[in-house]
Amino acid sequence: PVCSMGNSSSRLYSALAKTLSSSAVSQHQDCLEQPDSTQLDPIDPKDLLEECQIVLQKRPPRFQRDFVDLKKNAASNHRPIRVMQWNILAQALGEGKDNFVQCPMEALKWEERKCLILEEILAYKPDILCLQEVDHYFDTFEPLLSRLGYQCTFFPKPWSPCLDVAQNNGPDGCALFFLKDRFELINSANIRLTAMKLKTNQVAIAQTLKCNETGRLFCIAVTHLKARTGWERFRSAQGCDLLQNLKSITQGAKIPLIICGDFNAEPTEEVYREFSNSSLNLNSAYKLLSPDGQSEPPYTTWKIRPSGECRHTLDYIWYSQHALNVNSALGLLTEEQIGPNRLPSFNYPSDHLSLVCDFSFNQDPDRLL
């Protein structure tokens, strides 16, 4: 069921000035109830991919991206855990607010764009999928991905900017999906991030999973921090709050941790340093693609708005470097592939690139931090 909440007079950026009323949050409760997709038959991913390709037959083919092998030691005896991080671009924002001046509106049509998103997911077959800006969870992602074998969780922003757009499809938020045949859910927490002791409009999901093959526990988290310049201290406070929550959930990093997110922060920002220097002993997986293993990619988002061209590194996959190894990471699209009109486009459905990593457990789990 579509959750209709159009023409709301919400103000996303007033989160600092006031906490949101419980009545405003309660309006969203009908959007939080999960429809039961367990009665639906499983889908063969090949069949779904074929359906998507039929819809997309007039569009250019998918770009080729290759995995970079990062293994430094002997191969693990167990299958790696593939994690995908992606801000997929909320449909209401893409069509209504984001003003991608070089992207034809035709390229943003949901019926085709959703197939581009699904095609990307199906191509890389993640065991765990972390998405931001999801505003078609109940009518698209939950019904389809649950039939592909994923357990699905969604946590909307309390006051989503999508609600300001006419004909919106409800609030956007973070979504987390994991394959039920690979993992068992031990614990799940929906976290409303705070800053300066006030609840904010940004959220996170953190789930403790048990890997069925190894019996090992680990925590996977997804988040999307506050956007825009001028909000650096706010993002820093949100990051501190998330780290505090994750310290508690992982018992001070006794449980290995993977954090996926659009942090809306370049590596020069304070919130990046907080994660780099945290007692949770985190590293950013995509640094390993650089020659010295110390530099983030030059961009994870690239778009053109009326104010000009924006090319930034904002998206990250953080991981417990004492407990997990990064076996490989998916290379980014080149500038030539992205093209002069940048993202999104007929070729690529979002203004952010997907990040994909294969992880394995350290073979010496008792090694100290």
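Alanine 253 sits in the loop between α7 and β9. The model is a predicted one. In it, alanine 253 has a positive phi of about 75 degrees, although this residue is not a glycine. Its relative accessible area is 4%, under the 20% cut-off, so alanine 253 counts as buried. Glutamate 133 is another non-glycine residue with a positive phi, here about 55 degrees. This residue belongs to strand β3, which spans residues 128-134. Glutamate 133 has a relative accessibility of 10% and therefore counts as buried.

The two elements that flank alanine 253, α7 and β9, also meet at an open sheet. Helix α7 lies across β6, β7, β8 (217-224), β9 (257-262) and β10. The helix runs at about 145 degrees to β6. The sheet itself has 6 strands, in the order β6-β7-β8-β9-β13-β10, and the pairing is mixed. β6 (183-195) and β10 (282-284) stand at the edges. Each has a single partner strand, so one side of each is left without a neighbour in the sheet. On average, neighbouring strands are turned by 20 degrees against each other, direction ignored. At one edge, β6 pairs with β7 (residues 198-211) in the antiparallel sense, over 11 bridges. Within this pairing, isoleucine 191 has alanine 204 of β7 as its bridge partner.

Helix α7 also takes part in the largest pocket. This pocket holds about 850 Å³ of space. Of its 34 lining residues, Ala227, Arg228, Asn264, Lys303 and Arg305 are the closest to the centre. Three elements give two or more residues to the lining: α7 (232-249), β11 (301-305) and β12 (308-312). The most comes from β11, with 3 residues. By class, the lining has 16 charged, 9 polar and 9 nonpolar residues.

Helix α6 covers residues 137-147 and is mostly covered itself, with 8 of its 11 residues buried. The buried residues are Tyr137, Phe138, Thr140, Phe141, Glu142, Pro143, Leu145 and Ser146. Glutamate 142 is thus one of the buried residues of α6. After the helix comes glycine 149, whose phi is positive, near 100 degrees.

A further backbone feature involves a proline. The peptide bond from leucine 343 to proline 344 is cis, with omega near -10 degrees. Proline 344 lies in the loop between α9 (335-338) and β15 (355-361).

Conventions: Residues are numbered from 1 along each chain as its sequence is written. This is a predicted model: local features need pLDDT of at least 70, side-chain atom pairs count only at pLDDT 80 or more; totals for chains, interfaces and linings use all residues. Side-chain values use heavy atoms; hydrogens and water are left out. On a 1 Å grid over the protein atoms alone, a cavity is a set of points where a 1.4 Å probe fits but cannot get out, and a pocket is an open set with protein on both sides within 12 Å along at least five of seven lines; lining residues have an atom within 4 Å of a point. Grid points are joined across faces, edges and corners, and a volume is the space filled by probe spheres set on the points. Helices (H or I, at least four residues) and strands (E, at least two) are DSSP runs, numbered from the N terminus. Ala, Val, Leu, Ile, Met, Phe, Trp, Tyr, Cys and Pro count as nonpolar, Asp, Glu, Lys and Arg as charged, and the others, Gly among them, as polar. Buried means under 20% relative accessible area, exposed over 50%, partly exposed in between (1.4 Å probe, protein chains only). Two strands pair if DSSP finds at least two bridges between them. Axes are lines fitted to C-alpha atoms, for helices over the stretch in contact, and angles run from 0 to 180 degrees between N-to-C directions. Contact means heavy atoms within 4.5 Å.
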